[in-house]
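Take a walk through this fold, one piece at a time. Keep the sequence and the 3D view side by side.

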Amino acid sequence: MAEEQVNVKLLRISSVVPAIPTLKHRMFLSNLDLFFISIKHQTVMFYKIDQEEMEFSTIAEKLKRSLSLVLVEFYPFAGRLDIEGAESGRPEIDCNDGGVEFVEASIAMAFGDLEKEGFRHRSLFKELVRDLDHDRHTSENRTCDRPLLSIQVTAFLGGGLCIGANFHHAIADGSSFWHFMKCWAECSRGLPISYKPQHMREIFKRDEKICAMPNVSWRAEEIVTDRIKEAQIFKFVRDDLLPMNHFETSMSTDDATMENANECSAQIIKPIRYDIDVEMHTFRFSEEMVRKLKDRAQASSSFVAVIAHFWRCLTQAREVPDTEPVDISVVADLRGRVKPPLPPTYFGNCLCLGLVRTSAQRLLGQHVSFAASLIQVLINSCTMEMQLNNMVDWVSSNQSGVISNLIEALRVCPHFAIVVGSPKFLVYEIDHGWGKPLNVQPPYLHIGAISMVGGREENGGRSIDVSTCLPRHQMDALKRIVMMVAP
């Protein structure tokens, strides 16, 4: 069914700076930050508002005041990105209190219409966040005068609003962003910030003049366990620690699969096709459903159980031929796994990427516990401190201006899926004083991307929301099978 074309009207664009001026300085960006330098992260949050008690202008002013308060602690969001670096010659944050973009907007659409259809994703949701263009800088002005965070507040007819956020991934990962959103909501309710962010990115700084950086490659290794056969795990590996016959051994395992993997990892980025009819959808797994999935998959966590089930359903909906490879990648939080452990409030990126591959026939022909075992092995691998160190060194040797080539190249591989987010992100707890959001979702996802967050509390339990984007005919198939959870 064709969507009604409704335009978002921009009412006012302003800049919000910290309520108290912060110390002007340059902030180091670690290699873990640089890995995501070409990526932006967006979210939209829908709230029901009693218009008789609060006018939109009053709400907007309240949000701006509380945003200025929280930026005193989360001041990197108010800075600017210096692409070349004033002294270091590498990208860094110019913490200059340049401000966060704050957009007030309206839309001639009834909020109740969104409620009635369960906040089914609409293409217009992309208009509820502002684009962040960080390409506008010159040789004379290395610092791009564009905000690192944009907030858009859009009023709907009938007493509802959306808070849309778009931020530069090099500044923060999901854990840091949702920590910021929680603290912003606390300021809106007149409360002190419960846990201040810890700015300590230089813990990942290395003196490359003293420490020789080893060559690190993105390679596949065969998984050999009692439960897993015919599967490879891709990770960052130091070349000097590889056995002499490693490459030949990997190639002989499955020549076609490995050659395809190497092509995907090294190819020039190709544009993703957007001319096909795609659909985004969010699936909600109740606590009872998650429990059944954990029991059935013999999984150690809700994350592993839900993703194992979802990966299989995704592969089935895509109608992948038996002999073709299917890939899934996870981005894991390593705050508690580095030595010494970092606090949960560490502000920045502390993530490691890994990928596992098997054939469609193996994935769908085995019990769901096979998929769960693959994902658990993947998580165990990319949460090892050695993998974090190797990823840091890989970025050092690949600073050619497009650090995220690897992610982009993998994204265009056939039958690829990447999982972002976590059920630990309690996005439905972000209460600015007028109640918790009715719905939270990404306004846009690439095909095959899987976004996961903690869902609303239902019947005393916590659900899990999983969003993805597929060609429409594949999404129709996914809807028919994904919620069929056997007891």
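Asp97 sits in the loop that joins strand 5 (92-95) to strand 6. Its phi is near 55°. That is a positive value in a residue other than glycine. Bear in mind that the model is a predicted one.

Follow the chain into strand 6 (residues 100-110), where Glu101 is found. The side chain of Glu101 forms a salt bridge with that of Arg130, at 3.1 Å from N to O. Arg130 belongs to the loop between helix 3 (111-116) and strand 7 (143-144). The two partners are 29 residues apart, so the pair links distant parts of the chain. Side chains of opposite charge can pair when their charged atoms come close. Across the whole structure, a search finds 29 salt bridges.

Strand 6 is also part of a sheet. This open sheet has 6 strands in the order 1-6-8-9-3-16, and the pairing is mixed. Which strands stand at its edges? They are strand 1 (8-16) and strand 16 (439-441). Each has a single partner strand, so one side of each is left without a neighbour in the sheet. On average, neighbouring strands here are turned by 15° against each other, direction ignored.

Look inside this sheet at strand 3 (residues 40-48) and strand 9 (residues 160-168). They run antiparallel and are joined by 9 bridges. Strands of a sheet pair through backbone hydrogen bonds, either parallel or antiparallel. In this pairing, Val44 stands opposite Gly164 of strand 9.

Past strand 3 comes a loop that leads to helix 2, and Met54 lies in that loop. Which residues does Met54 touch, leaving aside its neighbours within four places in sequence? Its contacts are Ile49, Ile59, Lys62 and Trp434. Met54 is also 9.3 Å from Gly159, C-alpha to C-alpha, though the two are 105 residues apart in sequence.

Now turn to the helices that lie on the sheet. Helix 2 lies across strand 1, strand 6, strand 8 (149-157) and strand 9. Its direction is at about 155° to strand 6. Helix 4 lies across strand 3, strand 8, strand 9 and strand 16. Helix 4 runs at about 30° to strand 3.

These two helices also meet each other. Helix 2 (residues 56-70) packs against helix 4 (residues 174-188) at an angle of about 120°, with the axes 8 Å apart. That angle makes helix 2 oblique to helix 4. The crossing is right-handed. Helix 2 brings Lys62, Leu63, Ser66, Leu67, Leu69 and Val70 to the contact. Helix 4 meets them with Phe180, Cys183, Trp184, Cys187 and Ser188. By class, the contact of helix 2 with helix 4 has 8 nonpolar, 2 polar and 1 charged residues. Lys62 of helix 2 appears here, and Lys62 is one of the contacts of Met54 as well.

Next, move along the chain to another sheet. It is open, with 8 strands in the order 10-11-14-13-15-17-18-12 and mixed pairing. Strand 10 (216-222) and strand 12 (278-285) are at the edges. Each of them has a single partner strand, so one side of each lacks a neighbour in the sheet. From one strand to the next, the twist averages 25°.

Within this sheet, strand 11 (residues 231-238) and strand 14 (residues 351-359) run antiparallel, joined by 4 bridges. Phe234 has Leu355 of strand 14 as its bridge partner. Before strand 14 lies a loop that starts from strand 13 (325-333), and Pro340 is placed there. The peptide bond from Lys339 to Pro340 is cis, with omega near -5°.

One more helix pair remains. Helix 8 (residues 302-317) and helix 10 (residues 368-382) have axes that come within 8 Å and cross at roughly 120°. That makes helix 8 oblique to helix 10. Their crossing is right-handed. From helix 8, the contact uses Phe303, Val304, Ile307, Ala308, His309, Trp311 and Arg312. From helix 10 come Val368, Ala371, Ala372, Leu374, Ile375, Gln376 and Ile379. The contact of helix 8 with helix 10 counts 11 nonpolar, 2 polar and 1 charged residues.

Terms used
Residues numbered from 1 in each chain as written. Predicted model: local features only at pLDDT ≥ 70, side-chain atom pairs only at ≥ 80, totals over all residues. Heavy atoms only, no water. Axes fitted to C-alpha atoms, helices over the stretch in contact; angles between N-to-C directions. Parallel < 35°, antiparallel > 145°, perpendicular 65-115°, else oblique. Left-handed = near helix turned anticlockwise from the far one by under 90°. Contact = heavy atoms within 4.5 Å. Nonpolar A, V, L, I, M, F, W, Y, C, P; charged D, E, K, R; others polar. Pairing = 2+ DSSP bridges. Salt bridge = Lys/Arg side-chain N within 4 Å of Asp/Glu carboxyl O.
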